[in-house]
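Work through the following exercises with the sequence and the model open side by side. Each one sets a task and then solves it in steps.

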Amino acid sequence: MKNIHVVAHTHWDREWYFSDNEAFIQFSYHMDEVIFALENNELDYYYLDGQLSILDDYLKVYPEKEAKIKELVENNQLFIGPWYTQMDEFVVAGESVVKNLQIGIDMSKRLGGHTALGYLPDSFGQGKDMPKIYNGFGIEDAVFWRGMPSEITKSREFYWTAEDGSKVLTINIRNGYYAGVTLVEGELYQKKEILDIVKQDSAAEVVTLPVGGDQRAVDRGLKTIIAEMNEQFGDEYKIEESNYPHIFNLLRKAKPNLPTVQGEFMSGSVSKIHRSIYSSRYDLKKMNDTIENRLIFQLEPLMLMADDLGVPFKRELLDYIWKLLLKNHAHDSIGGCNTDKTNEMILARYKEADQLSYSTVDYLVRKISESIEGIQENDLVLFNTMPYSRTESYTVEVSTKKEYIQLFDQNQNELNVQILSTEKVYAGEVRRSQSDYDESKYYYIHKMMIEKELEPLSYAIVTVQESDEMIQKEQKENQRTSIENEALKIIFSEGKLSITDKIQEATYENCLYVEESGDEGDTYDYSPAYDDYILQLGFDAAKAVISTGELISTLTLTGDWQVPHDLESRKEQRLDQKINYTIRLMLKKDEKRINMKVTINNQAKDHRMRVVIKTPVQSVSSYADTLFGIVERKNQDPHIQDWRTLGWKEEPTEIYPMIHYANIHDELASWTVMSKGIKEYQIIDQAMHITLFRGVGFLGRPELLRRPGDASGNQYRYIPTPDSQLLGELEMELSLMIETSFDPAKIQKDYQKYSVSVPYYQIQTLNRFTNPIQYFQSNKVDHLNPLQTFSDWSNPNLVFSALELSRDEKWINIRMYNPSLTETIDAQTVVLPASKTVRLIDLNEQVLETYGAVKTVTLGTFKPGEIKTISIER
């Protein structure tokens with residue numbers, strides 16, 4: 001006899017085709033109904049979707065409800081957490097997932113405690129690193145629905161492992177988290193059918209049946225229905241009201257022979273997985289990337305540095321910014337599969353998080369710089385917020401009274417500088433006529449690249465000296481057809497781009513162009529136009545300008561492409577829309593990497609544009625970074641031909657997500673594309689297709705070529721989303737790295753150099769608008785503490801992931817991981833400036849091991865994919 005455990009719950013999308021405000025109104029009443037049902041024995045248990053953000057919003061308006069919620073949680077009637085928001089796992093950074101759980105669990109402490117359950121029922125697939133993240137928070141159980149292919153295991157209960165040995169007991173929900181609604185609303189035969197369905201593929205007598213759905217009201221008659229079902233089908237089933245902790249306890253006691261599986265789950269075989277949602281609303285994803293990197297790699301380390309110097313750490317401010325960002329990480333929100341009004345609110349949160357985060361960085365670098373003893377007018381202060389040395393060129397702007405400048409380090413050694421541009425600016429009061437301006441009140445803003453070594457988590461002072469005469473070389477602008485550095489050469493000839501790898505002595509002809517195709521999909525999925533017209537866009541009519549310098553050389557192509565304006569034009573193969581573009585290819589000194597900035601004025605509709613990079617690599621697989629590691633994926637899905645015959649929900653097109661990079665390699669070469677916000681790639685015939693953006697006009701469309709059947713989102717009406725056409729100017733940034741071998745740790749280090757800029761501040765009063773708040777006076781720190789020496793945590797085989805101040809502000813936490821799928825990294829050590837008490841902690845700051853007071857920190861062996869957090873007493 002199967003024991004059917006009914007779990008009463010709701011799945012609460014914060015926003016979707018409705019806004020979060022509209023959802024909140026419903027939730028404010030819904031939560032009252034939940035409390036009433038639990039207090040009056042209408043329900044024994046209720047699972048509140050595993051996320052705290054909806055309660056966070058609720059309690060800000062109804063703080064008097066907090067005591068009652070805490071009572072219900074402590075009585076094991078109401079189950080909350082551990083997440084702050086129900087996030088998507090394929091397009092956000094690993095540290096965002098950690099912060100999501102840290103903030104969710106921390107908030108749940110005051111509300112009676114969290115449910116230790118990895119609960120993501122509706123996320124569009126499951127990332128391979130989730131077991132080790134869950135274990136890092138003491139979570140050993142998980143529940144999800146989408147993405148699990150039946151060919152991996154037939155059992156709905158299994159152990160899900162990661163390559164480091166982490167393991168969670170997992171329940172894959174049959175027929176979705178809403179399956180049990182049939183028990184409430186169906187006819188008698190339908191109720192029997194759902195009981196028969198959910199028992200299938202269950203390896204144990206314990207079977208889970210969730211009763212709930214999107215924004216579903218409390219099923220107040222559930223007890224009566226369960227009693228009726230037991231009366232009707234009691235000879236075959238025992239049905240009871242239950243909860244997830246109880247279910248997992250029963251599973252462990254039963255000790256069924258469960259299979260063990262490993263890897264990511266993104267199959268559309270049994271549920272829609274939306275394998276091309278990674279390119280929906282590129283503009284929002286780019287903002288997310290920018291803010292993530294700033295919070296992880298700049299703001300929190302800078303706050304820690306400032307706290308050591310005497311500017312207090314503001315945990316509440318940091319958490320507030322993180323919460324804004326995390327609200328946008330809900331699977332619909334980050335996916336961009338929303339109505340325009342909802343995406344406007346998502347964009348508003350991004351703007352708020354962006355402004356708060358960069359303003360905090362601006363404030364802190366100014367506060368510290370102006371408080372440094374002996375600081376002089378014109379001095380430039382550079383901040384390294386990473387726990388390792390940086391020796392590279394950085395882009396900065398300085399303002400001077402005179403037109404020509406030199407820069408010197410603290411030992412009066414002249415620094416290598418390349419002026420990128422100089423602008424003459426007026427500092428006096430503005431007038432209607434510039435003829436009234438006082439010539440003596442003009443100054444110069446110099447944008448430049450500066451080469452300087454920076455110590456870990458420190459600042460360095462650079463002296464800016466002015467001159468009336470030109471001293472240093474300026475960049476040259478000419479009409480040559482190539483640029484080069486020590487490793488690479490880019491050649492533009494007859495409208496085509498070629499790359500020469502000078503180390504391997506190989507030239508790749510016409511290896512970079514743009515593919516333009518139709519998109520008759522929706523905000524969930526790319527789908528080819530029914531009458532497609534695919535174009536290979538080159539640069540035949542482009543104007544090329546080349547600027548060369550000692551630190552960076554740039555090839556700039558400007559021109560326009562003719563493309564179909566819309567699907568009707570595409571069907572008739574009319575090229576009736578002009579799209580202006582600018583593509584900048586940049587080679588920096590000592591880097592084997594081509595940085596690209598693509599600006600496109602998009603005026604076409606329902607189309608997709610991809611950069612195509614032709615490589616020499618012979619490989620059947622691609623590689624991409626994951627939350628804390630890498631993943632190998634097949635370039636061709638084995639079911640690409642027979643998926644319809646098998647009854648899959650969508651075509652398994654080999655479109656894949658990347659968080660920061662995608663790679664293909666063989667024994668001779670490794671080609672990697674890194675990006676700032678681009679999240680989607682596909683490998684076709686040795687060529688990397690990187691989706692720049694795609695524009696579509698509807699939330700959901702039915703009967704797509706890639707996804708037959710009902711429209712996603714709302715199958716009963718077309719919901720126009722003109723903003724998702726992304727009309728207007730778009731800017732994309734990516735970088736191509738060519739190496740002889742694949743080194744995932746080195747790629748992540750290069751990504752950090754590429755994406756994490758160096759904050760800086762110049763002591764000057766000429767330009768009071770370098771940031772929005774510099775115009776106003778700021779007090780100096782009374783006694784700026786000496787800058788503490790920080791150890792260099794660089795390691796050739798490990799990736800630095802985060803530098804945090806502990807929640808109690810007594811410890812500095814440094815997180816690193818081994819990105820390899822197969823290689824174990826032997827014992828590693830770091831020498832501290834002085835003897836300190838050191839601990840090994842988990843992701844939730846629980847102590848795993850205490851090393852005592854040491855000067856040499858032994859990191860120990862890192863298994864493949866393993867994450868470790870070292871905690872050092874301040």
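Contact, as the word is used in these exercises, means heavy atoms within 4.5 Å. The coordinates belong to a predicted model, and every value below is computed from it.

**Exercise 1. Describe how the protein chain is divided into domains, and place the annotated span within the sequence.**

Solution. Begin with the domain assignment, which gives domain 1 (2-262), domain 2 (282-375 + 770-775), domain 3 (388-470), domain 4 (486-755) and domain 5 (799-873). Next, turn to the UniProt record, an unreviewed entry, in which the annotation "domain: Glycoside hydrolase family 38 central" covers residues 272-350. Finally, examine the secondary structure of residues 272-350: the span is 72% helix and 0% strand, and its end C-alpha atoms lie 28 Å apart.

**Exercise 2. Characterise the interface between domain 1 and domain 2 by its contacts, its buried area and its composition.**

Solution. First, locate the two bodies: the centres of domain 1 and domain 2, taken over C-alpha atoms, are separated by 32 Å. Then consider the contacts, in which 30 residues of domain 1 meet 24 residues of domain 2. The two domains bury about 2,400 Å² between them, and 58% of this area is on carbon and sulfur atoms. On the side of domain 1, Glu 15, Trp 16 and Lys 99 supply 23% of the area buried against domain 2, which is more than any other three residues supply.

Now turn to the polar side of the interface, where the count between domain 1 and domain 2 is 6 salt bridges and 17 residue pairs are found in polar contact. As for secondary structure, helix H1 (20-39), helix H2 (53-61) and helix H4 (94-109) each supply at least two residues of the side of domain 1 that touches domain 2, with H4 giving the largest share, 5 residues. By residue class, that side of domain 1 divides into 10 nonpolar, 8 polar and 12 charged residues.

**Exercise 3. Examine two individual salt bridges and say which parts of the chain the second one ties together.**

Solution. Take Lys 99 first: its side chain meets that of Glu 300 in a salt bridge, at 3.4 Å from N to O. The structure as a whole holds 64 salt bridges, and another of them joins the side chains of Glu 241 and Lys 223, at 2.9 Å from N to O. Because Glu 241 lies in strand E9 (residues 237-241) and Lys 223 in helix H8 (residues 222-233), this pair ties together parts that are 18 residues apart in sequence.

**Exercise 4. Find where in the chain the backbone features at Pro 82 and Asp 685 occur.**

Solution. As background, most residues other than glycine have a negative phi, and most peptide bonds are trans. Gly 81 and Pro 82, however, are joined by a cis peptide bond with omega of about 10°, and Pro 82 is found in the loop between strand E3 (78-79) and H4. Asp 685 has a positive phi, near 50°, and is found in the loop between strand E34 (680-684) and strand E35 (687-695).

Conventions: Residues numbered from 1 in each chain as written. Predicted model: local features only at pLDDT ≥ 70, side-chain atom pairs only at ≥ 80, totals over all residues. Heavy atoms only, no water. UniProt positions renumbered as here; feature names shortened; annotations may be inferred. Helix = DSSP H or I, 4+ residues; strand = E, 2+ residues; numbered from the N terminus. Domains from an automatic or database assignment. Buried area = accessible area lost by both parts, 1.4 Å probe. Salt bridge = Lys/Arg side-chain N within 4 Å of Asp/Glu carboxyl O. Polar contact = N/O pair within 3.5 Å; in protein donor to acceptor, adjacent residues only side chain to side chain. Nonpolar A, V, L, I, M, F, W, Y, C, P; charged D, E, K, R; others polar.
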